[in-house]
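Colleague: I am new to this structure and should like to understand the terms used to describe it. May I put some questions to you?

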Amino acid sequence: MAATMSTASTVLGLVSSSLSSPKKVCLSSGFLKSPVTARNPLRVAQASGGKFTCFERDWLRRDLNVIGFGLIGWLAPSSIPVINGKSLSGLFFDSIGTELSHFPTGPALTSQFWLWLVCWHLGLFICLTFGQIGFKGRTEDYFSK
């Protein structure tokens, strides 16, 4: 019991002496913020409001010229009648009309509509992608070097 009393009085003495003395006690913990803020080497001032981003703000860089010329650039070759005297666009649009004729019911999985839909849109998206690469590459001088 005497050992307990001396330990308690020692702790109380340390607490009272630390309260009366003007010493600053620094604690280090994962829960406390450091008084010094760490600098982020990736932070670039004035870029996206002070935030570092991997992509430019307008990464898509969409242009209506590309959409217009890409659509025309796909409609022209897809309208050439090469599939049994019919064009891909004609077959696709005809299949849309056929499927709309029995409207509440959707197209069957075995319908030719799905083949023409996938082929026509795949060609369109490829044409738009290459159009974006070519148009932006030319305006930003990617190909001149």
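Colleague: What is the handedness of the crossing of α2 and α4?

Modeller: In this predicted model, the crossing of α2 and α4 is right-handed. The contact draws on both helices: α2 contributes Asn65, Val66, Ile67, Gly70, Leu71, Gly73, Trp74, Leu75 and Ser78, while α4 contributes Cys119, Trp120, Gly123, Leu124, Cys127, Leu128, Gly131, Gln132 and Phe135. Sorted by class, this contact has 11 nonpolar and seven polar residues, with no charged ones.

Colleague: Why are α2 and α4 called oblique to each other?

Modeller: The angle at which α2 and α4 pack is about 135 degrees, and their axes lie 9 Å apart. An angle over 145 degrees would count as roughly antiparallel, and 65 to 115 degrees as roughly perpendicular. The value of about 135 degrees falls in neither range, and α2 and α4 are therefore oblique.

Colleague: What does UniProt list for residues 113-135?

Modeller: An unreviewed UniProt entry lists residues 113-135 as "transmembrane region". In the model, this stretch is 100% helix and 0% strand, and its end C-alpha atoms are 32 Å apart.

Colleague: Where does asparagine 84 lie, and why does asparagine 84 count as exposed?

Modeller: Asparagine 84 is in the loop that runs between α2 (64-78) and α3 (88-101). Exposed requires over 50% relative accessible area; asparagine 84 has 79% relative accessibility and therefore counts as exposed.

Colleague: What is notable about phi of asparagine 84?

Modeller: Phi of asparagine 84 is near 55 degrees, a positive value in a residue other than glycine. Most residues other than glycine have a negative phi.

How values were computed:
Residues numbered from 1 in each chain as written. Predicted model: local features only at pLDDT ≥ 70, side-chain atom pairs only at ≥ 80, totals over all residues. Heavy atoms only, no water. Helix = DSSP H or I, 4+ residues; strand = E, 2+ residues; numbered from the N terminus. Buried < 20%, exposed > 50% of the residue type's maximum accessible area, 1.4 Å probe, protein only. Axes fitted to C-alpha atoms, helices over the stretch in contact; angles between N-to-C directions. Parallel < 35°, antiparallel > 145°, perpendicular 65-115°, else oblique. Left-handed = near helix turned anticlockwise from the far one by under 90°. Contact = heavy atoms within 4.5 Å. Nonpolar A, V, L, I, M, F, W, Y, C, P; charged D, E, K, R; others polar. UniProt positions renumbered as here; feature names shortened; annotations may be inferred.
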